[in-house]
Amino acid sequence: SVEEDAGAAVAKVAEARKEEGNEDKEEVKEQDEKDKSNSEARDMVDMMTAAYKRLDEDHNGYLERGEVLNGAGVTDFYTLDTDHDERVSLKEYIQASLTDMGY
C-alpha cells in the first residue's frame, strides 16, 4: 500500500541520517585524536626548547661542546652536532632528542 511504501521511505531516510550522524561522530572523534596528538607534539617541542635554552649558558642561540657535555648527558658531541659545525642548533637538538625517544 501507499502508506507502507511511505513508511518504508521514511525509515530509509531515518537510517541514512543515522549513518551520516555516525560518520560525523567518527570524523569528530578522529579530529579530536589528531588535535590531542598535535597538542602533545607541541608540548614536547616546547619542553625540548626550554631544556635547550637552559643548556645554552652563554645565550648565543647554539650549544657548544662544553655546554652539551656538561649538561645534556651526552658523551659524544657529534651525536647532536650532525652537520659538524662545532655547535648544536635547536633543530639538531630536537631531531636528536626525538630520535633518542624513538620517533
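**Figure 1. The whole chain and its accessible surface.** About 7800 Å² of this chain is exposed, and carbon and sulfur atoms supply 51% of that area. Keep in mind that the model is predicted. Of the 103 residues, 20% count as buried. The fold has 3 helices and 0 strands, giving the pattern α-α-α when you read along the sequence. As for contacts with a separation of 6 or more, 35% come from residues 24 or more positions apart.

**Figure 2. A negative patch with Glu30 in it.** Zoom in on Glu26, Glu27, Glu30, Asp32, Glu33 and Asp35, which together form a negative patch on the surface. Glu30 belongs to helix H1, which covers residues 2-55. Is Glu30 buried or exposed? Neither label quite fits: its relative accessible area is 41%, so Glu30 is partly exposed. A helix reminder for this view: with 3.6 residues a turn, residues three or four places apart on an α-helix point the same way.

**Figure 3. The salt bridge between Glu86 and Arg65.** How many salt bridges does the chain have? The count comes to 2, and this view takes the pair Glu86 and Arg65, whose closest N and O atoms are 3.1 Å apart. This pair ties together distant parts of the chain, 21 residues apart: Arg65 is in helix H2 (65-71), while Glu86 is in the loop between helix H2 and helix H3 (90-100). Glu86 has 39% relative accessibility, so it's classed as partly exposed. Arg65 is partly exposed too, with a relative accessible area of 35%.

**Figure 4. The salt bridge between Asp85 and Arg87.** Here the side chains of Asp85 and Arg87 meet, with an N to O distance of 3.5 Å. With a relative accessible area of 33%, Asp85 counts as partly exposed. Arg87 comes in at 34% relative accessibility, which means that it is partly exposed as well.

**Figure 5. Ser89 and two tyrosines.** Ser89 sits in the loop between H2 and H3. Which residues does Ser89 touch, leaving out those up to four places away in sequence? The partners are Tyr52 and Tyr62. Why does Ser89 count as buried? Its relative accessible area is 18%, and buried means under 20%, so Ser89 falls in that class.

**Figure 6. Gly66 in helix H2, with Phe77 for reference.** You'll find Gly66 in helix H2. Gly66 has 36% relative accessibility and is therefore partly exposed. What separates the C-alpha atoms of Gly66 and Phe77? The distance is 9.1 Å, for two residues 11 places apart along the chain.

**Figure 7. Helix H3 and the glycine just after it.** Which residues of H3 are buried? They are Glu92, Tyr93, Ile94, Ala96 and Ser97. Follow the chain just past H3 and you get to Gly102, where phi is positive, at about 90°.

Conventions: Residues are numbered from 1 along each chain as its sequence is written. This is a predicted model: local features need pLDDT of at least 70, side-chain atom pairs count only at pLDDT 80 or more; totals for chains, interfaces and linings use all residues. Side-chain values use heavy atoms; hydrogens and water are left out. Patches are made of residues with over 30% relative accessible area and no salt bridge: like charges are joined within 9 Å, nonpolar side chains (Val, Leu, Ile, Met, Phe, Trp, Tyr) within 5 Å. Accessible areas come from the Shrake-Rupley method with a 1.4 Å probe; for residues, only the protein chains shown count as cover. A salt bridge is a side-chain nitrogen of Lys or Arg within 4 Å of a carboxyl oxygen of Asp or Glu. Lys and Arg count as positive and Asp and Glu as negative; His and the chain ends are not counted. The place of a charge is taken as NZ of Lys, CZ of Arg, CG of Asp or CD of Glu. Helices (H or I, at least four residues) and strands (E, at least two) are DSSP runs, numbered from the N terminus. Buried means under 20% relative accessible area, exposed over 50%, partly exposed in between (1.4 Å probe, protein chains only). Contact means heavy atoms within 4.5 Å.
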